[in-house]
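Biologist: Before we look at anything in detail, I would like to learn how to read the features of a model like this one. Could we take them one at a time, with the general idea ahead of the case?

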Amino acid sequence: MNDIPAITLNNGVPMPRLGYGVWQVPDDEAERAVRTALEAGYRSIDTAAAYDNETGTGKGLAAAGVPRGEVFVTTKLWNGRQRTWRRAEVLEAFGRSLDRLGLDHVDLYLIHWPRPMRDDFLHIWEAFEEIAASGRARAVGVSNFRPEDLARLGERSALVPAVNQVELHPLFPQAELRDLHGRLGIATEAWSPLGQGGELLRLPEVADVAGRYGRSPAQVVLRWHLQLGNVAIPKSVTPSRIRENLDVFGFELDAADMARLEALGSGPRAGRIGPDPAVFDI
């Protein structure tokens with residue numbers, strides 16, 4: 001089994017640097033995928049209410065037989081359908097996620113995105129403060145938050161998010177946001193560490209770096225994330241790819257190759273901020 005190093009979140013909770021994400025994994029396939037990931041050596045599993053696979057993810061956690069204390073489990077509040085989220089609704093949604101996962105607590109609970117057009121994440125965060133205080137989430141954080149969203153949260157609450165999970169990869173390196181996270185003590189987690197649509201992994205610059213290290217393009221990009229200090233959650237349902245993505249701790253990119261990959265982000269942005277309106281009801 002691979003030993004995955006951890007970072008320490010701003011409340012002292014350790015979080016593995018590399019996790020396994022189940023975005024777009026159907027619920028009836030999630031059990032097998034999560035079990036495969038845990039058997040390969042992953043110890044961090046990322047799901048969300050909006051993925052509609054918390055039940056399968058929970059079955060995979062149970063089937064793998066890994067002690068609960070050894071697995072870091074993340075899920076997210078999907079705040080996309082209702083116009084107004086009140087305390088009771090947030091707590092009920094969190095309880096439903098725990099029930100689907102078959103757990104009495106999660107290690108990280110995130111607001112899925114700020115929904116700036118509805119402007120209610122400040123009220124949601126008040127319920128998150130309560131969830132964190134209860135111990136039913138060992139840490140709480142946010143996803144897809146921009147600098148201005150984090151600033152507003154900081155003006156209202158003394159509880160700093162432990163994590164901001166965002167789109168992040170060499171084509172969209174988000175240097176300004178990463179720098180802000182560093183100043184605030186927020187861990188940066190990439191929900192698309194390998195880019196979107198395979199474009200990044202097909203670039204000749206990435207292939208050239210991978211060839212010189214004798215590694216796959218995906219391994220090189222994941223190594224870039226780790227050396228920046230990011231947390232990364234690659235997603236795949238293919239067992240060989242699940243295992244391959246984990247094998248990124250036996251080499252290190254030199255400074256020139258780190259800069260070369262970072263420079264890919266100087267062109268047109270390949271990604272977007274927040275969920276895909278074509279997929280989610282927002």
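Biologist: Let me start with a single residue: is N144 buried or exposed?

Modeller: The general idea is a scale of relative accessible area, on which buried means under 20%, exposed over 50% and partly exposed in between, with a 1.4 Å probe and protein chains only. N144 has a relative accessible area of 6%, and so is buried. Keep in mind that this is a predicted model, in which local features need pLDDT of at least 70 and side-chain atom pairs count only at pLDDT 80 or more, while totals for chains, interfaces and linings use all residues. Residues are numbered from 1 along each chain as its sequence is written, and side-chain values use heavy atoms, with hydrogens and water left out.

Biologist: What is the sign of phi at N144, and where does the residue lie?

Modeller: Most residues other than glycine have a negative phi. N144 is not a glycine, yet its phi is positive, at about 65 degrees. The residue sits in the loop between β7 and α5 (147-156), where helices (H or I, at least four residues) and strands (E, at least two) are DSSP runs numbered from the N terminus. Q174 also has a positive phi without being glycine, with a value near 50 degrees. Q174 belongs to the loop between β8 (163-166) and α6 (175-184), and its relative accessible area of 16% makes it buried.

Biologist: How should I read the sheet, and in what order do its strands run?

Modeller: Two strands pair if DSSP finds at least two bridges between them. Here 8 strands make an open sheet with parallel pairing, in the order β3-β4-β5-β6-β7-β8-β9-β10. Its edge strands, each paired on one side only, are β3 (20-21) and β10 (231-232). At the β10 edge, strand β9 (residues 187-190) pairs with β10 in the parallel sense over 2 bridges, and A190 has A232 in β10 as its bridge partner.

Biologist: Which residues of strand β6 are buried, and how is β6 joined to its neighbours?

Modeller: Strand β6 (residues 108-111) is covered on both faces, with L108 and L110 buried on one side and Y109 and I111 buried on the other. Strand β5 (residues 72-77) pairs with β6 in the parallel sense over 4 bridges, and the partner of K76 in β6 is L110. Strand β7 (residues 140-143) also runs parallel to β6, joined by 3 bridges, and here I111 has V142 in β7 as its bridge partner.

Biologist: Now the helices: at what angle do α3 and α4 cross?

Modeller: Axes are lines fitted to C-alpha atoms, for helices over the stretch in contact, and angles run from 0 to 180 degrees between N-to-C directions. The axes of α3 and helix α4 (residues 121-134) come within 9 Å and cross at roughly 50 degrees. That makes α3 oblique to α4, since angles under 35 degrees count as roughly parallel, over 145 as roughly antiparallel, 65 to 115 as roughly perpendicular and the rest as oblique. Contact means heavy atoms within 4.5 Å, and R87, V90, L91 and F94 of α3 meet I124, A127, F128, E130 and I131 of α4. These residues divide into 7 nonpolar, no polar and 2 charged, where Ala, Val, Leu, Ile, Met, Phe, Trp, Tyr, Cys and Pro count as nonpolar, Asp, Glu, Lys and Arg as charged, and the others, Gly among them, as polar.

Biologist: What is the angle between α8 and α11, and which residues meet there?

Modeller: Helix α8 (residues 204-213) and helix α11 (residues 255-262) pack at about 160 degrees, with axes 10 Å apart. That makes α8 roughly antiparallel to α11. On the α8 side the contact involves E205, V206, D208, V209, R212 and Y213, and on the α11 side D257, R260 and L261. The division is 4 nonpolar, no polar and 5 charged.

Biologist: Finally, where does V71 lie, and which residues does it touch?

Modeller: V71 is in the loop between α2 and β5, and at 6% relative accessibility it counts as buried. Leaving out residues up to four places away in sequence, V71 touches L38, R43, I45, L61, V66 and D107.
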